[in-house]
Amino acid sequence: MQIVLPPEVEALVQRQLISGKYNSAIEVILAGVKLLEQQQDIYQGRLQELQQDALIGWEASQRGEVVDGATAMAQIRVNMRSRYNSSEA
């Protein structure tokens with residue numbers, strides 16, 4: 001496979017080679033591909049977590065375990081303030 005890189009990407013590859021971090025352009029490209037794979041793995045993991053959370057919420061709502069929006073948002077704010085304040089300590 002032959003790939004033609006846009007000038008800005010080619011310049012990025014050249015900067016990485018000049019920095020001495022990589023010995024060849026293919027090493028730079030492979031590092032970028034690895035980062036892309038890691039990003040996709042993180043995205044897929046987060047998506048699965050969100051889907052699980054949504055299922056838990058749906059099941060709770062089916063059991064009648066629901067809270068109105070204003071109450072839920074107030075509780076979220078309290079939790080966020082608590083986390084923020086504990087991280088400053």
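Start with the whole chain on screen and think about its radius of gyration: this predicted model has 23 Å, whereas a compact globule of 89 residues would come in near 12 Å. Now turn the chain along its principal axes, and you'll find that the C-alpha atoms fill a box of roughly 60 × 40 × 20 Å.

Next, switch to a cartoon view. What do you get when you read along the sequence? The pattern is α-α-α: three helices and zero strands.

Now show the surface. How much of the chain counts as buried? Just 4% of the 89 residues do. The accessible surface comes to about 8,000 Å², and carbon and sulfur atoms account for 58% of that.

Time to colour by charge. Pick out the side chains that carry one: you should find 8 positive and 11 negative. Mark the centre of each set, and the two centres sit 7 Å apart.

For the next stop, select residues 25-62, which make up helix 2. Inside that helix, click on Leu30. Is Leu30 buried, partly exposed or exposed? Its relative accessible area is 48%, so Leu30 counts as partly exposed, since that class lies between the 20% and 50% cut-offs.

Keep Leu30 selected and add Ile26, Ile29 and Val33. Together these four side chains form a nonpolar patch on the surface. Show the patch as a surface in one colour: its accessible area adds up to about 340 Å².

Note on methods:
Residues numbered from 1 in each chain as written. Predicted model: local features only at pLDDT ≥ 70, side-chain atom pairs only at ≥ 80, totals over all residues. Heavy atoms only, no water. Helix = DSSP H or I, 4+ residues; strand = E, 2+ residues; numbered from the N terminus. Rg over C-alpha atoms; globule rule 2.2 N^0.38 Å. Buried < 20%, exposed > 50% of the residue type's maximum accessible area, 1.4 Å probe, protein only. Areas by Shrake-Rupley, 256 points an atom, 1.4 Å probe, with all protein chains shown as cover. Lys, Arg positive; Asp, Glu negative; His and termini not counted. Charge placed at Lys NZ, Arg CZ, Asp CG, Glu CD. Patch = residues over 30% accessible without salt bridge, like charges linked within 9 Å, V, L, I, M, F, W, Y side chains within 5 Å.
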